[in-house]
Amino acid sequence: ENAWTGTVISALPAFEKIGKRIYGDKLPPLRFFLFREHDGYEQFYQAAFGMPIPGPTHDGTGNRGIAVYRQTSQRHAGEPETIGNVLHEFGHAWANSYVAERHGKDYLSPALRRPYLDEGLADYVASLHEPEYLTRRRQWIESLKLKSTPPKLSSLRAFDSFYKGDVELNYWVSALLVARMLGRSPEKLVPLLDALA
C-alpha cells in the first residue's frame, strides 16, 4: 500500500454505503483489484477479460462481479476526481452484476447496451460520493463553447460513435443526462435497470 492506493482503500466503506443506498439488500457482491503498477494491471486484465486493455490511458473497468483499477500519474492521490473515477468502475460492475443476477441478461450485450446510459449511470454513482463530480463535467462542457458540436442522442446510443467520437464530451454529456433523469433519487436507478432488462 502507498499514499495513492491507501486513499482508494480508505474510500471503500463509503463506496459500500453508496451501493447499499442504491441497491439495498440487492447490492451485488464484487471483488475489487487495485494495482500499483501498469504491468501487473495489464497482465491481470488480459487474464480476467481475455483481451488486452483497450489503450494506454485505460485505467480501470467494472464488469460482472469485478472492479479493477490501477494507479496512474494522471490521477493524483486522494483527489476527488481520482476517487470518483474508481467509484465509476464500481457503478459499472454493480449494474452489470445486477442485470445478470436478477434478469439473466448481459448488460453489455448489443441488445441492452447504450453507452450514454452505461457511462452516465457510472458517473451518477460517482457523484453520490461527491456531487461536485457532476459540476466539473458541466464546467468542462461550458469551457468547450463553440469548439465542439453537442452530440446527438443517436451518436450517444451507438458504441462506435460514442467511443470513437469526441469521447470525453460524450462522457460528460451522458453524466449530466443521466443525472437529469434520476435527479436526487438514486433509488430510481434499480427500476431503470429493471426496465432496460
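Which helix gives the most to the lining of the largest pocket? Keep that in mind while we look around this model, which is a predicted one.

Let's begin with the empty space. Rolling a probe the size of a water molecule over the atoms shows where empty space is left. In this structure, the largest pocket holds about 1,300 Å³ of space. Its lining is made up of 39 residues, and if you want to find the centre, look for Thr-57, His-58, Glu-89, Glu-119 and Tyr-171, which are the closest to it. Quite a few elements chip in with two or more lining residues: helix 2 (38-49), strand 2 (60-63), helix 3 (80-103), helix 4 (115-127), helix 5 (132-143), helix 7 (159-164) and helix 8 (167-182). Now for the opening question: helix 3 gives the most, with seven residues. As for the chemistry of this lining, you'll find 13 nonpolar residues, 14 polar ones and twelve charged ones.

Next comes the second largest pocket, with a volume of about 510 Å³. Here 19 residues form the lining, and those nearest the centre are Leu-134, Arg-138, Ala-179, Arg-180 and Gly-183. Helix 4, helix 5 and helix 8 each bring at least two residues to this lining. Helix 8 has the largest share here, supplying five residues. Sorted by type, the lining of the second largest pocket has eleven nonpolar residues, four polar and four charged.

If you trace the helices in the structure, helix 4, helix 5 and helix 8 are worth following, since you'll meet them in the lining of the largest pocket and again in that of the second largest.

How values were computed:
Residues are numbered from 1 along each chain as its sequence is written. This is a predicted model: local features need pLDDT of at least 70, side-chain atom pairs count only at pLDDT 80 or more; totals for chains, interfaces and linings use all residues. Side-chain values use heavy atoms; hydrogens and water are left out. On a 1 Å grid over the protein atoms alone, a cavity is a set of points where a 1.4 Å probe fits but cannot get out, and a pocket is an open set with protein on both sides within 12 Å along at least five of seven lines; lining residues have an atom within 4 Å of a point. Grid points are joined across faces, edges and corners, and a volume is the space filled by probe spheres set on the points. Helices (H or I, at least four residues) and strands (E, at least two) are DSSP runs, numbered from the N terminus. Ala, Val, Leu, Ile, Met, Phe, Trp, Tyr, Cys and Pro count as nonpolar, Asp, Glu, Lys and Arg as charged, and the others, Gly among them, as polar.
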